[in-house]
Amino acid sequence: MSKVQGLKKQFTERDVNRMRNLIQGKHGEKVGQGVGYSKSEKHYKEGDVWEADGRKWTIKDGIKQNITKLDAAKKAHMMPIFCPSCGSKMHVDIDKAYYNLHKKCLNCVVKFEHELRKAGLYEAYEARIINSDIDGFINDIKSYIESQLTISNNSYITEQGDVEKWVGGPNIEKVYEGLAKTIEHLESLKK
Ligand SMILES: [Zn+2]
C-alpha cells in the first residue's frame, strides 16, 4: 500500500468534509452528526447566542450554557455604588454581605436593627432573616444542581462544529434524591 493510500484509509468521509470546511473557512459548518443526536439539531459555534425552550443559550469554552440564568444570578449579587437607603457610597469589603441580604449598607442595617430592638421586634426579625438565608441557600443549591445537570446532559459542540454527547453523566434520579434530602435537612434548621 502506498503512503497516500494508507493516509486516505485513516480519514473517514466526515473528516474530509470537516477539513474541506476548515480550508474554506466554514468553521461552524455542519460536517457530521454526533451520536444520539437528531438531524434537526442545529449546530452552533463558540460565542453564538440563540433561544431555545424559552431560554437564551450560548457556547462558552465549548460548553452549552444557559446565559439567561447566569445573567440573572449575576445581577442578583451585583451591588450598586450608592446605598439605596441612605445614598452613601458603599464599600465592597464592608457592605457587600449586608447588601446581598438587606439591599442596604452596613450602617443602615445597624440603624434598622437598633430601631427594631427598641420596638421589641428584633427576635421575630432575626428568625425571618435566618429563614430567608436558608431559603436563599436552598435556591442556590437547586439552581447549581440544575445547571450542572443541564450541562452534563446536553452535548458539547466542538471547535469543528460537531455535536458530541456526554457519556456516563450523573444518575439524575440519585442527584434529585440527594437534593431532596439536603433541602429537607435545611428546612428543619428554620426557626
Ligand atoms: Zn445606607
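Here are three short exercises on the structure above, each with a worked solution.

The model is predicted, so local features need pLDDT of at least 70 and side-chain atom pairs count only at pLDDT 80 or more, while totals for chains, interfaces and linings use all residues. Residues are numbered from 1 along each chain as its sequence is written, and side-chain values use heavy atoms, with hydrogens and water left out.

**Exercise 1. The zinc site**

Work out which residues coordinate the zinc ion and what geometry the site has.

Step 1. Look for donors (N, O and S atoms within 2.8 Å of the metal, or 3.2 Å for Na, K and Ca; water is not among the atoms, so sites may look incomplete). You should find the SG atoms of C83, C86, C105 and C108, at 2.2 to 2.3 Å.

Step 2. Check the angles. Those among the four donor atoms run from 101 to 115°, and four donors count as tetrahedral if all angles lie between 85 and 135 degrees. The site is therefore tetrahedral.

Step 3. Place the donors in sequence. Their spacing is C-x2-C-x18-C-x2-C. C86 sits in the loop between helix 3 (67-76) and helix 4 (92-102), and C105 in the loop between helix 4 and helix 5 (106-118), so this pair ties together parts 19 residues apart in sequence. Helices here are DSSP runs of H or I with at least four residues, numbered from the N terminus.

Step 4. Compare the accessibility of the pair. Buried means under 20% relative accessible area, exposed over 50%, and partly exposed in between (1.4 Å probe, protein chains only). At 40%, C86 is partly exposed; at 3%, C105 is buried.

**Exercise 2. The largest nonpolar core**

Find the residues of the largest nonpolar core and the helices that supply them.

Step 1. Collect buried Ala, Val, Leu, Ile, Met, Phe, Trp, Tyr and Cys residues joined through side-chain atoms within 4.5 Å. The largest such set has six residues: I134, I138, I145, L179, I183 and L186.

Step 2. Assign them to helices. Helix 6 (122-153) and helix 7 (172-188) each provide at least two of these core residues.

Step 3. Look for another core. A second, separate one has five residues, including C83, M90, Y99 and C105.

**Exercise 3. The two sides of helix 7**

Decide which residues of helix 7 are buried, and which exposed residues lie on the face turned away from them.

Step 1. The buried residues are L179, I183 and L186.

Step 2. Turn to the face away from that buried side: the exposed residues there are E173, K174, K181, E184 and S188.

Conventions:
Helix = DSSP H or I, 4+ residues; strand = E, 2+ residues; numbered from the N terminus. Tetrahedral: all angles 85-135°; square planar, octahedral: opposite > 155°, others 65-115°.
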